[in-house]
Amino acid sequence: MNHVTAETFDQNAKAALQDSQLKGALNNLTNTFGERRKIAIQSVNNWEGLREKASKIKAETLKNLDKYLEKFTENAEKAGAKIHWAIDGKEANEIILGLIKERNAKNVVKSKSMVSEETHLNAALEKAGIFPVETDLGEWIIQLAEETPSHIVVPAIHKTKKQIADLFVEKVGILPTDDVDKLTQTARNFLREKFQTSEVGISGVNFGIAETGTILILENEGNIRLTTGLPKTHIALMGIEKLLPQLSDLDIFLKLLPRSGTGQRLTTYQSLITGTKRDSEAEGPEELHIVLLDNGRSKMLSHPVTRQSLACIRCGACLNSCPVYQQIGGHAYGSVYPGPIGAVITPQLNGIEKNKQLPFASSLCGACREVCPVKIDIPELLLHLRAKVAEEKPKFLESFAFKLYSKAWAGNKSYELGTKTARFMQKLVAKGEKIGKQTSLMGKLAPPLGNWTEFRDAPTIAEKSFRDIWKEKKVKSKG
Ligand code: SF4
């Protein structure tokens with residue numbers, strides 16, 4: 001499933017559906033996180049009220065993002081950080097590479113960062129001879145396997161214990177083992193040495209606080225503490241949408257994010273970093289560089305519907321709840337961001353033309369909207385993007401068929417004629433009271449509808465319509 005693209009989503013999805021090992025792993029993950037989330041949100045008073053507040057804070061911040069970015073920049077620089085602006089991924093990578101080269105750094109450690117996946121930072125650095133080491137366990141496994149993450153929060157979810165053990169034998173040279181403790185100890189020993197010898201640490205950012213210029217990074221493994229604290233130079237790559245106005249807003253977002261994502265009340269570590277190491281402090285970076293990335297975000301800001309995509313706090317709850325993601329996993333989306341949120345942000349970040357299948361990778365059931373801690377209306381966004389796809393490449397037959405359908409359903413007579421005709425025609429494709437896979441005629445007679453019934457049955461139109469029954473009853477009661 002690796003190295004597939006969003007352009008072949010349909011084929012990727014079909015291949016993923018055949019993968020029983022993947023299905024088992026997804027089932028396990030999505031059920032576990034879904035159940036844990038349900039329990040975790042009960043520990044908060046007025047969960048819905050919190051979601052509402054978070055949604056309002058994000059909406060207000062995004063509406064005034066220029067003001068908050070200015071404030072964040074001013075306060076971060078006052079605290080000793082240096083701010084860099086990157087219009088796109090290429091520029092962000094160049095800035096980071098430049099900083100590494102200026103410091104003549106040979107060793108670089110990196111903590112999990114979806115935004116660096118978005119800019120393909122590792123590939124850009126490797127091209128220049130710098131080989132950053134991922135320090136999040138899941139991300140390190142993915143790096144060893146030369147794959148991409150398949151989940152926003154749990155990057156190696158698609159891998160079994162055996163596959164990981166084999167990978168460690170092949171790439172790290174350990175003796176074969178299936179002992180989880182030995183495997184994690186292997187990772188710990190390998191990574192510890194990298195932390196000690198690296199001159200630069202690269203991280204992502206969960207939230208930036210405009211009021212204080214602080215960045216906050218959440219984690220469970222302690223690797224972010226080491227990545228941002230041990231090397232002399234810390235480079236943080238941050239999307240411009242990550243801002244919150246004030247420190248006290250974290251009270252809301254720290255209750256929402258871990259509970260929604262992994263069902264934790266709080267992540268094990270929360271690193272709040274304001275500027276560089278003070279003289280009185282024993283540890284911390286001597287230099288802090290924050291690279292603020294646009295990469296299409298300003299364009300998303302300009303429309304009230306697409307703007308809400310920028311409220312995402314990357315908790316992953318929409319992936320866990322999505323019936324499509326639950327069946328096919330993350331790689332099938334062929335993009336850095338999978339699942340419902342990936343289906344809406346990838347076409348906006350990378351262009352609708354190459355990602356036009358993604359807005360259709362949803363049943364529009366609304367499960368994602370139900371669980372989203374910041375109340376992003378993903379179905380609305382999907383419909384908005386579907387309309388854009390249709391505008392860019394109108395399908396004349398489809399549009400003609402829908403116009404006909406709309407006309408027929410708008411008038412009494414045409415509606416009745418339409419249902420009568422359909423009732424008669426369905427005899428060709430129905431079996432019993434179902435239209436479905438039992439008869440291949442559906443696919444042959446009406447190919448687009450045949451695609452739909454390949455995996456599910458449609459009910460037949462009732463022998464008598466409600467109107468007919470009503471008329472009959474009326475006649476009887478008069479008689
Ligand atoms: S869209 Fe909502 S649920 Fe999905 S990752 Fe973003 S914040 Fe979480």
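Which residues in H9 meet which residues in H10? The legends below get to that pair of helices after a look at the whole chain, which is a predicted model.

**Figure 1. The protein chain comes in three pieces, called domains 1, 2 and 3.** Domain 1 is built from two separate stretches, 1–43 and 297–393. Domain 2 covers 64–295, and domain 3 takes in 401–478. If you go from the C-alpha centre of domain 1 to that of domain 3, you cover 32 Å.

**Figure 2. Here's the ligand with its shell of 14 residues.** The closest ones include three cysteines with neighbouring labels, Cys312, Cys315 and Cys318. Ile341 and Cys372 also belong to the closest group. Sort the shell by character and you get 11 nonpolar residues, 2 polar ones and 1 charged one.

**Figure 3. Now for helix H9 and helix H10, the pair from the opening question.** H9 runs over residues 161–172, while H10 spans residues 180–197. Their axes come within 11 Å and cross at roughly 40°, so the two helices are oblique to each other. The crossing of H9 past H10 is left-handed. On the H9 side, look for Lys161, Ile164, Ala165, Phe168 and Val172; they meet Val180, Leu183, Thr186 and Phe190 in H10. This contact is made up of 7 nonpolar residues, 1 polar and 1 charged.

**Figure 4. This view picks out helix H3 and helix H12.** You'll find H3 at residues 47–63 and H12 at residues 250–261. Their axes come within 10 Å, with a crossing angle of roughly 115°. As H3 passes H12, the crossing is left-handed. H3 brings Leu50, Arg51, Lys53, Ala54 and Ile57 to the meeting, and H12 brings Ile252, Phe253, Lys255 and Leu256. In this contact, 6 residues are nonpolar and 3 are charged, with no polar ones.

**Figure 5. Last up are helix H20 and helix H21.** H20 covers residues 396–410, and H21 covers residues 412–425. The axes of H20 and H21 come within 5 Å and cross at roughly 115°, which means that H20 is roughly perpendicular to H21. Lys407, Ala408 and Trp409 make the contact from H20, with Ser414, Tyr415 and Gly418 doing so from H21. Sorted by type, the residues of this contact are 3 nonpolar, 2 polar and 1 charged.

Technical notes:
Residues are numbered from 1 along each chain as its sequence is written. This is a predicted model: local features need pLDDT of at least 70, side-chain atom pairs count only at pLDDT 80 or more; totals for chains, interfaces and linings use all residues. Domain bounds come from an automatic or database domain assignment. A residue is near a molecule or strand if its C-beta atom, placed from the backbone, lies within 6 Å of it. Ala, Val, Leu, Ile, Met, Phe, Trp, Tyr, Cys and Pro count as nonpolar, Asp, Glu, Lys and Arg as charged, and the others, Gly among them, as polar. Axes are lines fitted to C-alpha atoms, for helices over the stretch in contact, and angles run from 0 to 180 degrees between N-to-C directions. Helices (H or I, at least four residues) and strands (E, at least two) are DSSP runs, numbered from the N terminus. Angles under 35 degrees count as roughly parallel, over 145 as roughly antiparallel, 65 to 115 as roughly perpendicular and the rest as oblique. A crossing is left-handed if the near helix is turned anticlockwise from the far one by less than a right angle, and right-handed if clockwise. Two residues are in contact if their C-beta atoms, placed from the backbone, lie within 7 Å.
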